[in-house]
Structure formats: structure tokens, C-alpha cells
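Let's take a walk through this structure together, one stop at a time. Have a look at it first, and then we'll begin with a small question.

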Amino acid sequence: MTKLNSKIPEGKLKDKWSNYKAHQNLVNPANKRKIDVIVVGTGLAGGAAAASLAELGFKVKNFCYQDSPRRAHSIAAQGGINAAKNYPNDGDTVYRLFYDTIKGGDYRARESNVYRLAEVSNSIIDQSVAQGVPFAREYGGLLDNRSFGGALVSRTFYARGQTGQQLLLGAYSGLSRQIGLGNVEMFNRTELMDIVVIDGKARGIVTRNLITGKIESHFGHAVVLATGGYGNVFFLSTNAMGSNGSAAWKAYKKGAFMSNPCFVQIHPTAIPQHGDFQSKLTLMSESLRNDGRIWVPRKKEDAVAIREGKKRPEDLPDEDRDFYLERRYPAFGNLVPRDVAARAAKERTDAGFGIENNPKKEGVYLDFKYAIKRLGRDAIEERYGNLFQMYEKITDDNPYKTPMKIFPAIHYSMGGIWVDYELQTTIPGLFAAGEANFSDHGANRLGASALMQGLADGYFVLPYTIQNYLAYEFDTPRMDPKTQKEFKKTEDEVKARIDKLMNIKGKQSVDSFHKRLGRVMWDKVGMARDGKGLQTAINEIKQIRKEFWQDLKIPGEKETLNVELEKANRVADFLELGELMARDALARKESCGGHFRTEYRSEEGEAKRNDAEYMYVAAWEYKGDNKEPALHKEPLQYEEIEVKTRNYKTA
Amino acid sequence: MASKNINLKLKVWRQENAKSKGQFENYDLKNISTDSSFLEMIDVLNEQLVGENKEPVAFDHDCREGICGMCSLFINGQAHGPDSLITTCQLHMRKFKDGETITIEPWRVGSFPVIKDLMVDRTAYEKIMQAGGFVSVNTGGIPDANAIPIPKPNADEAMDAAACIGCGACVATCKNSSAMLFVSAKVSQLALLPQGRVEASIRAKNMVAKMDELGFGNCSNTGACEMECPKGITLAHIARLNREFLCANVKD
Ligand SMILES: Cc1cc2nc3c(=O)[nH]c(=O)nc-3n(C[C@H](O)[C@H](O)[C@H](O)COP(=O)(O)OP(=O)(O)OC[C@H]3O[C@@H](n4cnc5c(N)ncnc54)[C@H](O)[C@@H]3O)c2cc1C
Ligand code: SF4
Ligand code: FES
């Protein structure tokens with residue numbers, strides 16, 4: 001079995017990153033010009049990496065499937081970004097941010113990576129301010145902070161309810177500058193179709209131009225995947241319609257390991273589903289839990305009456321409301337981490353207290369009445385105005401007057417491509433950054449930490465670590481994909497798969513398959529899982545996959561803009577990824593973070609970890625179609641942290 | 001408001017590619033929930049078309065929550081449809097009546113050529129941003145974020161301007177096809193902040209020059225853009241842009 005080498009530097013935790021930087025190899029300025037780096041993705045991770053690498057002097061080729069790099073899904077992040085600045089003087093430190101992230105991740109993340117993340121967090125805020133990101137400020141002119149789940153300090157910086165947008169536009173401005181200067185060649189509306197590996201090293205990618213349908217190849221001395229998360233395997237999620245797992249899946253099939261694919265985050269506060277036509281779920285930011293109180297009716301008959309429209313929630317007196325998070329978790333109350341909040345909502349609705357009249361009677365309230373009384377309507381409007389507007393447009397309800405309806409939804413993938421300390425995958429020269437890698441969030445991500453990780457990877461980690469690899473690559477001459485045979489072979493494989501999809505000429509649409517897959521995933525690989533269900537899921541997914549390849553219908557031609565073909569390419573990969581997620585969940589016979597196996601829980605119903613047997617990162621190796629993948633294990637060692645049962649009941 | 005189902009007649013612009021002529025096609029759509037979004041309604045149409053072995057209508061979209069700026073569309077003659085301060089993806093079918101005919105067209109602007117059906121090419125916006133929509137700082141070596149206090153009203157106003165999503169509705173609505181609202185949003189945001197102040201005039205000059213070069217029209221202050229902007233970007237930013245632009249020319 002291959003041994004996973006996570007390349008954690010020597011020394012004390014707090015010295016590792018400085019030691020690494022002090023001793024790593026760097027590329028000299030004259031040689032940087034001779035090196036091409038491919039960056040796939042223009043979100044926080046990809047956009048920041050592409051801009052920073054170009055500033056250093058590398059020649060960068062940057063790719064995204066949208067019509068502009070500014071539209072990567074990072075744009076949709078609402079609530080905020082963490083950093084250990086301790087501006088509010090409430091006791092924050094780099095160690096505390098590190099500790100909270102490890103604990104929030106239920107002790108399933110790599111200590112050294114997380115410490116580095118906390119260490120560079122402050123520079124991200126400095127960088128963004130310098131770019132003109134208009135963070136919220138106090139009247140004295142200094143930056144304002146808010147609280148997020150899983151923390152006892154206020155360390156979250158924000159720009160209204162549009163933090164992701166502003167941070168991304170910051171990175172995008174840096175990227176635009178480099179494109180203008182000719183240091184980055186930008187490929188919009190271009191989708192990665194495969195990765196080219198030559199003599200064991202990543203040397204480029206094959207893409208499809210989404211407008212012309214043309215298959216093209218691009219050479220790079222190294223390839224960075226910053227392609228975001230795979231939450232859309234569930235069909236309904238808070239991700240953008242085009243978010244996909246395909247780039248990660250291609251990497252997996254070329255030999256990169258896939259880590260902890262079953263660790264997906266279910267966000268407790270999205271707008272509940274309301275119909276079959278629904279195409280996505282809309283998030284209501286976690287920041288709302290700063291000021292909103294979550295409740296369901298205390299009496300079942302009230303829940304029924306509300307669902308039937310016979311009672312209004314605002315008329316229910318306080319004593320008839322069950323503020324179940326405050327009741328169960330007095331220390332953290334409404335600000336418990338996401339997995340805990342999501343499961344508690346499911347527990348109440350499963351018990352019959354749900355308030356929404358959808359098929360499964362799923363929904364709970366998030367109420368601002370108390371905050372409006374305490375702070376006034378204007379203060380609430382200033383903090384959350386755009387979220388309230390968004391909510392009203394979707395639901396036709398006014399959250400200033402009546403409580404918001406919310407329910408958990410698939411939101412984020414903690415799992416992803418396995419990377420070492422340098423963010424390098426098991427394929428030399430292939431790196432993964434941002435949500436696409438698995439590295440920092442363990443089994444559950446804390447709010448406002450994904451933006452931090454994406455920008456940490458892109459601005460401050462990758463531009464260093466990639467040089468330790470490229471230092472040996474500057475004398476590799478640029479290859480011409482038109483004459484190099486491995487490029488040609490990969491292109492042919494890509495074309496063959498497209499032909500295969502186009503030639504099925506069956507009867508069912510891509511979306512119909514995607515929806516079926518999503519239902520299996522949500523019911524059996526979602527918020528609560530068990531061995532039997534997971535086994536059934538694996539069989540059902542195989543069946544859907546088989547039908548997909550026999551009965552898929554794609555109208556139109558391949559060598560032109562063809563949205564159905566784009567979707568088919570992504571769903572074909574989801575149909576394989578979904579199975580691996582179920583396998584991973586089946587193999588992990590414990591509950592931790594977002595992975596809740598109903599067989600493994602405490603008497604109080606909380607997730608029960610099994611540290612003796614499962615304190616490892618699962619890393620799956622592809623062994624061929626129709627062959628069982630191999631499971632590798634990276635043991636996790638905690639030197640600076642005492643591993644405890646997570647407890648949000650007392651501080 | 002309780003949801004109900006409505007029937008619709010759609011008049012949709014179909015165009016094979018940038019070079020072909022294009023024409024309206026009519027479609028009947030039944031049983032659309034008033035709770036569904038406008039784009040979900042088009043999803044239903046497209047499923048129907050795929051079922052009939054016809055090519056679905058191509059349109060741009062991604063986040064479906066009003067923030068990525070990918071969606072566009074003229075709906076019954078209005079950019080982003082009849083509701084105010086929202087994008088097409090946030091528009092819901094409760095704004096339409098049973099039996100109504102809805103006309104759906106792409107942005108019609110020379111600088112944003114049609115790619116297919118309802119999709120247009122907004123690369124011109126990218127070029128304007130590349131010409132100056134940034135603060136010239138590299139990654140790293142930056143002073144502490146709190147080193148320079150910024151008055152809250154300035155930060156708030158900068159945020160108002162920064163809310164632009166780059167959708168192109170302002171250009172599409174303007175009778176001169178001017179991109180002034182879009183350009184002013186960036187110029188104004190950065191001019192309001194000390195970090196961006198340093199390059200404020202040169203930025204204005206470079207972005208406006210690029211805008212002219214790309215064939216966008218002049219601003220004659222009709223204000224139509226402001227009415228249709230889904231993010232409430234106001235003409236006040238154009239005024240600030242003009243001041244910066246004037247400054248740049250005085251210095252020259
Ligand atoms: C609604 C919502 C709200 C959120 N709010 C917060 C928050 O408040 N705080 C926080 O910390 N986190 C938040 N998150 C999480 C956070 O936004 C994401 O995890 C993070 O932005 C991901 O950044 P990224 O750069 O890794 O990927 P993305 O921003 O998703 O970018 C992916 C990029 O890859 C490209 N790409 C993907 N596949 C391909 C392909 N096959 N070929 C070519 N290009 C491809 C895309 O075009 C895009 O440019 C939120 C997420 C959502 C969905
Ligand atoms: S100014 Fe408004 S209408 Fe114009 S691109 Fe920006 S958001 Fe769209
Ligand atoms: S789809 Fe993103 S703004 Fe409409």
C-alpha cells in the first residue's frame with residue numbers, strides 16, 4: 001500500500017510554517033518567466049492564486065466555466081470571513097482560532113494545516129482592505145466584527161451580507177490587473193475535461209470551449225485545481241447551478257486520492273424546499289443566528305395548526321415556543337456549530353414539530369422579533385437588509401413581521417482531493433486549493449472559515465509551496481500539445497466520451513437522472529445515515545448510472561454550445577462520485593461532525609466518535625471502472641491539542 | 001399569498017449563433033406554480049422541449065440568488081423583468097397572471113453580441129475592468145487593516161457602489177448603450193476609500209477611454225439605467241466619476 005506522505009515540516013506547531021518558508025526552494029525571477037502554471041477556477045482560491053502567481057512573474061493560464069472570473073460561486077458567500085485579529089479585545093488569538101477550527105471539525109483535520117490557516121488569517125484582512133474591499137466599519141472608522149457559530153469570540157469580518165462578493169471582487173481586481181498586463185491568459189466559458197499526466201507528472205489539461213464545443217489542450221509546468229465543492233451531487237443545494245465535482249473526479253481517475261468524500265456540510269438555515277420544480281436552495285446566512293432565535297412550537301397541535309394555515313407563528317406566546325437550541329445547548333445557544341444545529345432541526349421535525357407545509361413537513365422558525373425589540377428595526381435592517389429582501393422575494397413573507405422559515409440544506413464539501421502540507425495531490429505537479437481540497441475543516445466546517453481558507457490557499461500558501469516543486473521544473477521546456485502524444489491521447493479519450501454520451505439517444509433528460517440521484521443521496525447519504533441505507537444507496541446509484549448510460553437524451557450537436565451536454569458530463573461524474581461518498585460513509589463506522597451514523601450516537605443523541613479506530617483521513621485510490629477503490633489512511637496526530645468530546649452545552 | 005398554478009404563453013427569442021438572424025418562437029406552458037422562480041419556469045419549458053427532442057433555450061444563469069450577475073433577459077420589455085431591485089433569477093412567477101403572454105429577449109446591445117438565443121457576450125465589461133478597475137497592489141507586505149481609519153459613511157457609500165454585479169442591465173436599458181453606471185460604480189467605490197484614492201483620476205481616465213474604444217455610447221443623463229439596476233446603483237456615482245475624469249484631464 002502507498003504510504004501517504006503529508007510532508008508536515010519539523011518543529012513545534014507554531015514554528016512549522018516559518019521553518020518551511022525559511023528552507024523551501026524558490027524559483028529565481030529570471031526562471032519564473034519560463035514557467036507556465038495552469039489554474040483552474042477563479043473563485044477565492046483560484047482567483048487569488050492566479051493573481052499572486054502572476055505578480056511573482058509566472059506565466060499563468062486561468063480557466064472558469066462562467067462568462068467572467070468574477071462570477072465564481074465564492075461570490076455568493078454572505079456572512080463573513082474569520083481572522084484572529086482580536087480587534088474587539090475579547091480574547092482571540094491564533095491558537096484559539098486554530099483550536100476552534102479543529103474542535104469544530106470534530107478532530108478530523110490535520111493539525112499543521114489548520115494552524116497555518118489561523119496564522120495567515122490576519123494577512124487576508126490586510127490584503128483585502130488594501131484592495132478596496134469595503135468591510136463594515138464602526139463609527140470611529142475601524143473595522144467591525146460579528147460572531148459566528150462554534151466560537152466564543154467575535155472574529156468575523158463582513159461586508160453587509162455580501163462578504164464573498166466583495167472578497168471575490170477584490171481578488172478579481174488583482175486578477176484583472178494581471179490579465180491587462182498580459183501575465184495571465186484568461187479562458188472564460190471553458191470547462192476542464194481531463195488532466196494530462198506525462199511520466200507521472202501533471203503537465204496540462206484538456207478543455208471544452210463551451211461556446212464552440214471545441215476540445216483543446218493546454219500545457220503547464222504545474223496544474224492547480226481550485227474548482228470548488230461538489231455539493232450539487234445532491235441536486236438541491238446552496239451551490240450555483242454549474243458547481244460540479246468533475247475536475248476533482250478527473251484528478252481522482254488520473255491517480256489523485258479523494259479524501260473523506262462523505263464529509264459534506266448541511267447548513268441549518270436555508271429556505272425550506274417548496275416544490276418539485278425547485279432548482280436550488282437559497283441560504284440564509286449563519287450571521288442571522290447572531291440576532292435570530294430558533295424555535296418550533298412546544299405543542300404538536302400548534303405545529304399542525306400552523307402548517308394548515310389556521311394559526312400564525314407571530315401569535316404564538318413565548319411560553320408555547322420551544323427554543324430548542326437554547327434549551328439543549330445553553331453555553332452556545334443559537335450559535336452552536338452547523339452540524340449540531342442542523343441535526344437538532346431534523347430531530348424536532350422528525351418528532352412532528354415542523355412548521356412548513358411541504359411533503360415532509362420540514363421547517364423551523366428563525367425569529368427576529370426579539371432582536372428588533374432590543375436593537376430597533378433600523379439596526380436589523382442595516383445588518384441583514386439584503387438577506388431579508390432576498391427572503392421576501394422568494395417566499396413573499398416579510399421577516400420583519402413574521403419569523404423566517406428555515407431548514408437544513410446541503411452547503412459545503414469538507415471532503416475533496418487529498419493534499420499534503422504543500423497542497424500537492426498524490427500526482428506530482430497537481431495541486432488543489434480552496435473547497436476542492438479536503439484539508440482544513442475535518443468533518444465539519446465552521447462558518448466564515450471557507451472564505452478564509454480559499455484566500456489563505458490562494459494568496460499566502462500556494463504561491464510559496466508551489467515553488468518548492470517548480471524549482472526543479474524551470475529547465476523543462478514548454479511542450480506543444482499539438483505534437484505531444486499524451487495530449488493527443490487524452491483529447492481522444494475526451495472526444496470518445498462525448499461521442500458516447502451523444503450517441504445514447506435515449507428518452508430521459510439529464511435533469512431527470514440528476515434529480516433521482518439527488519433523492520437517493522439526500523435520503524440515504526444525507527443528514528443521518530446507517531449501514532443498511534448506505535448499502536442500498538450504493539446499489540441504487542449503480543442502477544441509475546446504468547440507466548443513464550442506456551437511456552440519456554441530449555438534443556443538439558456536440559460542436560456547438562450545448563447546455564444539455566455540459567450537464568450530462570457533470571452528472572455522469574456525480575453518478576460515480578455519489579457512490580464513492582456512500583462507500584466512504586459506510587466505511588466510517590462512527591459519527592463525527594457532519595457525518596452522522598444513527599448506529600453511533602450517545603444516549604443524549606449526540607454524535608459519537610470512535611477515536612481509537614477512526615482518527616484518520618480516508619484517502620481513496622481509483623483502481624479502474626467496476627473495481628473496488630482502495631482505502632488509504634492518514635493517521636491524525638494531535639500534539640498541541642487535547643482531543644475531547646465536543647461539548648457545546650457548557651463553555 | 002397561497003401558491004397556485006397558472007398557464008402562460010411565451011414568446012421567446014431564438015437565435016442559432018452570433019451570425020444568424022433569429023426570430024421569436026411561441027410556446028404554451030401549463031401548470032406553472034406561482035411559487036417558482038422565473039428561471040425555474042424556463043427550466044420547465046426546457047424539460048418540455050427536450051422531451052419533444054428540440055433544443056432547449058440557451059440562457060445565462062448560475063447562482064440563482066441575485067449575486068453572480070450571470071442572468072440577464074429582457075422580460076416584457078424590461079431588463080430583469082417587472083419587479084424592482086432584483087435580478088431575473090430572483091423574479092418569481094407570482095408577479096404574472098394566469099393566461100398572460102410573456103416576451104423574453106436577450107440584452108440587445110452592439111457591445112454585447114448574442115451568442116445563442118438569450119445568451120450574450122459581455123467580454124467588453126472584462127476589458128474595461130482590466131483597463132483600471134483595481135488598486136495597484138500586489139499580494140503581501142501590506143500594513144495592518146486598521147492602520148487607516150475610514151469614516152463609516154464613506155465605507156458605507158463605497159459598499160453601495162461595490163454592490164454592482166456586472167450584469168449589463170444598465171447598458172441594455174440605456175438608449176445610448178452607455179456603460180457609465182457600471183464604470184462609475186467601480187470608480188466611485190475606489191475613489192471613496194483611501195486605498196483607492198491614490199489612483200482615482202487615472203483610473204477614471206483609463207476605464208472611460210476603454211469604454212469609448214469598445215463602442216459603448218455616451219451618457220446623456222436620462223437615468224434609465226438607474227431605474228433598471230438590480231442593485232440600486234445611483235446616478236450619484238456617475239457624478240463622482242465625472243469629477244474624477246475632469247480632474248484627470250485638468251492634470252493632463
Ligand atoms: C450560498 C453560500 C454562502 C456561503 N457563505 C459563506 C460565508 O459566509 N463564509 C464562508 O467562509 N464561506 C461561505 N460559503 C462557502 C464559500 O463561499 C466557498 O466554500 C468558497 O467560496 C469556495 O471557493 P473556491 O475558490 O474554492 O471555489 P468557487 O468559488 O466555487 O470557484 C470554483 C471555480 O472553479 C471553476 N470551475 C469549477 N469546475 C470547473 C471545471 N470543470 N472547469 C473549469 N472551471 C471550473 C468555476 O468556474 C469557478 O471559477 C458559502 C457558500 C455558499 C454556497
Ligand atoms: S450598474 Fe447595476 S445594472 Fe449596471 S452592471 Fe452593475 S448591477 Fe448591473
Ligand atoms: S443567476 Fe446569479 S444573479 Fe441571477
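Does N76(B) count as buried, partly exposed or exposed? Keep in mind as you look that this is a predicted model. With a relative accessibility of 34%, N76(B) counts as partly exposed, because that value falls between the 20% under which a residue is buried and the 50% over which a residue is exposed. You'll find N76(B) in the loop between strand 3 (74-75) and strand 4 of chain B. There's a little twist to N76(B): its phi is positive, at about 45°, although N76(B) is not a glycine. Most residues other than glycine have a negative phi.

Now step back and take in chain B as a whole. Chain B has nine helices and seven strands, and its C-alpha atoms fill a box of roughly 60 × 40 × 35 Å along the principal axes. Of the 252 residues in chain B, 59% are buried. Chain B also exposes about 9,800 Å², with carbon and sulfur atoms supplying 52% of that area. And how do distant parts of the sequence come together? If you take the contacts in chain B between residues at least 6 apart in sequence, 70% of them join residues at least 24 apart.

For a closer look at one piece of chain B, try helix 2, which runs over residues 123-132. This helix is mostly covered, with seven of its ten residues buried. The buried ones are A124(B), Y125(B), E126(B), I128(B), M129(B), Q130(B) and G132(B). What does the covering? Part of the cover comes from the other chain, in the form of helix 6 (163-180) of chain A, and the cover also includes helix 4, helix 5 and helix 7 (200-213) of chain B.

Helix 4 and helix 5 turn up again at our next stop, ligand 2. There are 13 residues around this ligand, and the closest are C164(B), C167(B), G168(B), C170(B) and C229(B). Helix 4 (169-173) and helix 5 (180-192) of chain B are the elements that give two or more residues to this shell. By class, the shell has eleven nonpolar residues, two polar ones and no charged ones.

While you're here, pick out L181(B), which sits in helix 5 of chain B. L181(B) has a relative accessible area of 2%, so it is buried. Which residues does L181(B) contact, once its neighbours within four places in sequence are left aside? They are C170(B), C225(B), E226(B), C229(B), I233(B), T234(B), L235(B) and I238(B). Two of these names may ring a bell: C170(B) and C229(B) are among the closest residues to ligand 2. Along the chain, L181(B) and G166(B) are 15 residues apart, and 10 Å separates their C-alpha atoms.

Next, let's look for empty space. The largest pocket holds about 1,100 Å³. Of the 48 residues lining this pocket, R160(A), E381(A), E382(A), G385(A) and N386(A) are the closest to its centre. The elements that give two or more residues to the lining are helix 12 (377-395) of chain A and helix 3 (152-162) of chain B. Helix 12 of chain A gives the most, with twelve residues. The lining as a whole divides into 20 nonpolar, twelve polar and 16 charged residues.

R160(A) deserves a second glance. This residue lies in the loop between strand 4 (156-157) and helix 6 of chain A, and its relative accessible area of 27% makes it partly exposed. R160(A) has a positive phi of about 45° although it is not a glycine.

There are enclosed spaces too: eleven cavities of 30 Å³ or more. The second largest cavity holds about 180 Å³. Among its 17 lining residues, K280(A), T282(A), I394(A), E40(B) and H92(B) are the closest to the centre. This lining has five nonpolar, seven polar and five charged residues.

Our last stop is Q90(B), in the loop between strand 4 (78-79) and strand 5 (101-105) of chain B. Is Q90(B) buried or exposed? Q90(B) is buried, with a relative accessible area of 6%. Not counting residues up to four places away in sequence, Q90(B) touches M390(A) and K393(A) in chain A, along with E65(B), G66(B) and K231(B) in chain B.

Notes. Residues are numbered from 1 along each chain as its sequence is written. Chains are lettered from A and ligands numbered from 1 in the order in which they are written. This is a predicted model: local features need pLDDT of at least 70, side-chain atom pairs count only at pLDDT 80 or more; totals for chains, interfaces and linings use all residues. Side-chain values use heavy atoms; hydrogens and water are left out. On a 1 Å grid over the protein atoms alone, a cavity is a set of points where a 1.4 Å probe fits but cannot get out, and a pocket is an open set with protein on both sides within 12 Å along at least five of seven lines; lining residues have an atom within 4 Å of a point. Grid points are joined across faces, edges and corners, and a volume is the space filled by probe spheres set on the points. Helices (H or I, at least four residues) and strands (E, at least two) are DSSP runs, numbered from the N terminus. Ala, Val, Leu, Ile, Met, Phe, Trp, Tyr, Cys and Pro count as nonpolar, Asp, Glu, Lys and Arg as charged, and the others, Gly among them, as polar. Buried means under 20% relative accessible area, exposed over 50%, partly exposed in between (1.4 Å probe, protein chains only). Contact means heavy atoms within 4.5 Å. Accessible areas come from the Shrake-Rupley method with a 1.4 Å probe; for residues, only the protein chains shown count as cover. A residue is near a molecule or strand if one of its heavy atoms lies within 4 Å of it.
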